Amino acid sequence: IMYVKVFKQSHVTLMKTICFFRHICSLNYVKMEDGESQLLSDEGQTPEPLLGSLDIFIFSLIAGLLIYWFLFRKKTEPVLDFKTFPTSFIEKMKKTNRNVVVFYGSQTGTAEEFANRLVKDAHRYGMKGMAADPEEYDMSELSRLKEIPNSMAVFCMATYGEGDPTDNAQEFYDWMQGTDDDLEGVNFAVFGLGNKTYEHFNATGKYTDKRLAELGGKRVFDLGLGDDDSNLEEDFISWKEQFWPAVCEFFGVEATGEDSSIRQFELVVHNDINMNQVYTGEMGRLKSFQTQKPPFDSKNPFLAPVSVNRKLNKGGNRHLMHIELDIMDSKIRYDAGDHVAVYPINDAVVVNRIGERLGVDLDTAISLRNLDEESNKKHPFPCPTTYRTALSHYLDINNKPRKNVLYDLAQYASDPQEQENMRKMASASPEGKALYQSWVLDSERNILAILEDLPSLNPPIDHLCELLPRLQARYYSIASSSKVHPNSIHICAVVIEYTTETGRVYKGVATNWLKNKEVTENGHKHTVPMYVRRSQFRLPFKPSNPVIMIGPGTGIAPFMGFIQERAWQKEQGKDVGETILYFGCRHKNEDFLYQQELEEFERAGVLTQLNVAFSRDQEHKIYVQHLLKKNKEQLWKLIHSNNAHIYVCGDARNMARDVHTAFYEIAEEVGGLTHTQAVDYFKKLMTKGRYSQDVWS
Ligand code: NAP
């Protein structure tokens, strides 16, 4: 009622104010609504008081608000223009004279990088291309591509998780599933990015290729299947070496011989910039680290203070750690089984050495501006920034550079031999492949090692910054339950550090950075930019269902959350089913992670069985799968008769596969199934969500 009254009165006041000014300006008469005209002065009449005290109050309030709005309101900080609403890629292609569009379904940036490389290549064949994020465009326009003469859509599609499309390709994937559009006359090709250690190898790439053809699209070249477990870069190079000649034949074009090493971004040096406008590591909004505003996500991570950082292992030369991130006041919610994404910072020593080697002042403020003004991507990373920030926060300087980086940098090697070697490594020739494999991959040379080992190579740092891929967030399985720890997220991780073939020490970026995150340093709380990513790895809906968890090494992480949650459910008086853990480590006295907590849970009856495989405490190896086999009767009963849910977490390459095999054997030996039946049996369990994996390779 108050609001309505004030609103009505404001309206009246406003009208009165207008009258008041008209009165001042000697305008005679203003007719107002609702019979208020008698308040106005006609020539010769004595006017009644024009504004009452409530009017004056409201008038002052409006005036005050207007003054505040124009003078004191905090200006909105610029937000990076990464995403726009879905637009027409057809219109954009027509407007900018392009005939090739390369869409990417990318989670970690590799598919996007490949798409950009294909766009660059297109120039060599007299074609004009653009890389495009399917999330930003109206993909239902695909059938209109034929309106553009000699056009083609290429898809670089990564597969993610359990055969899923990447987040940015989900909508396009859904569209493909539901549409019956006629794609006749639409030329396409697909390169899939996947990993053979995963069950659904390249599922998204395969589906895209199959579906576009089903809808009537014309496949210009065969589906490419990249395998990250082996050599994704090589797979991509080999594919495109054959893809382009096929494209030439298809469209009847020829290579122009033009070098594809062309710049996509131009350097702008800001000599006189206000440093308040310079990005210092933010992912989206400038100054978002100073003024944190929820909701927190990949573009707006929360700076979580580190509240616990302790070493988990009692011995050995590794460092396994338990870290707790304080999420109080962040409004961040999570469930046991989710992942926490962390944005790490590169080692300052490596950043400085790159600066020294290239002889640049790393604190120069710069922008890299896209030469293609029509592009949605204005900068390769948040700009303006400094070289130091770019190399510390935004660029991946720790991994082995891909071939296109070597190719583009080769022009800056003044020694002909070094230049030739770089070009050779970038090529698809057998000799080049072998050299790249041994000199870059096997020797694990990152960009600094390459600069150190090729003394004549002196690229401009801005070109290097353009070429290096973006530093990615790292995902960890959350090692806590929000029912028990609503205000903190726990991480269990092993610090990656080893000596490479060249005698250099390889240090994992994120784990080494996390290791050094002291809880407080001189009263200053260390923080970690993070956000939560939802997962499908979930406890059964009914707590009474038994759970069998298999997680050797740091694979224990999500199970700490699961066990905490089962304990909480028990406390709530719920009927909680059997909770069985299979953990594995090297030595009982060295890396039995969370031993005390696990034994406590066992004593309390929360963990109904704690099985630990100590692999190196005896002559022969004992692994989790050996213990599974030992308990085969009990396990088969739980799975087959009691609706048990199976969870596997940890190494994808060997452990997850070996565990899977052990289950097949159990089904065969105890359940009497044939091998094919056993495979089918566990496939069905997977579809029902009763066999879940959270594995990394
Ligand atoms: P870990 O301590 O190296 O291994 C845990 C236990 O698993 C050890 O007892 C080990 O035995 C055993 N094991 C080795 N091969 C096995 C197999 N095929 N089946 C069953 N058990 C096996 O574990 P971790 O340090 O936590 O690392 C686990 C794996 O995940 C490693 O491959 C690591 O590189 C990877 N990882 C990946 C990430 C990532 O984000 N990509 C993060 C962390 C770890 P032995 O060593 O005695 O053979």
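**Note on helix 8: its contact with helix 9 and the second largest pocket**

1. Start with the contact. In helix 8, Val-351, Asn-352 and Ile-354 meet three residues of helix 9: Arg-388, Leu-391 and Ser-392. By class, this contact of helix 8 with helix 9 has three nonpolar, two polar and one charged residues. Keep in mind that this is a predicted model.

2. Next, the geometry. Two packed helices are described by the angle between their axes and by the distance between those axes. Helix 8 covers residues 348-358, and helix 9 covers residues 387-394. Their axes come within 10 Å and cross at roughly 140 degrees. Angles over 145 degrees would count as roughly antiparallel, so helix 8 is oblique to helix 9. Helix 8 passes helix 9 in a right-handed crossing.

3. Now the pocket. The second largest pocket holds about 550 Å³ of space. It is lined by 26 residues. Closest to the centre of the pocket are Asp-347, Val-350, Asn-398, Val-505 and Lys-507.

4. Which elements give two or more residues to the lining of the second largest pocket? They are helix 8, helix 13 (447-453), strand 17 (505-507) and helix 15 (509-515). Helix 8 gives the most, with four residues. Helix 8 therefore belongs in both parts of this note: it meets helix 9, and it lines the second largest pocket.

5. Last, the chemistry of the lining. The residues around the second largest pocket divide into eleven nonpolar, eight polar and seven charged.

Key: Residues numbered from 1 in each chain as written. Predicted model: local features only at pLDDT ≥ 70, side-chain atom pairs only at ≥ 80, totals over all residues. Heavy atoms only, no water. Axes fitted to C-alpha atoms, helices over the stretch in contact; angles between N-to-C directions. Parallel < 35°, antiparallel > 145°, perpendicular 65-115°, else oblique. Left-handed = near helix turned anticlockwise from the far one by under 90°. Contact = heavy atoms within 4.5 Å. Nonpolar A, V, L, I, M, F, W, Y, C, P; charged D, E, K, R; others polar. 1 Å grid on protein atoms, 1.4 Å probe; cavity = no way out; pocket = protein on both sides within 12 Å on 5 of 7 lines; lining within 4 Å. Points joined across faces, edges and corners; volume = space filled by probe spheres on them.
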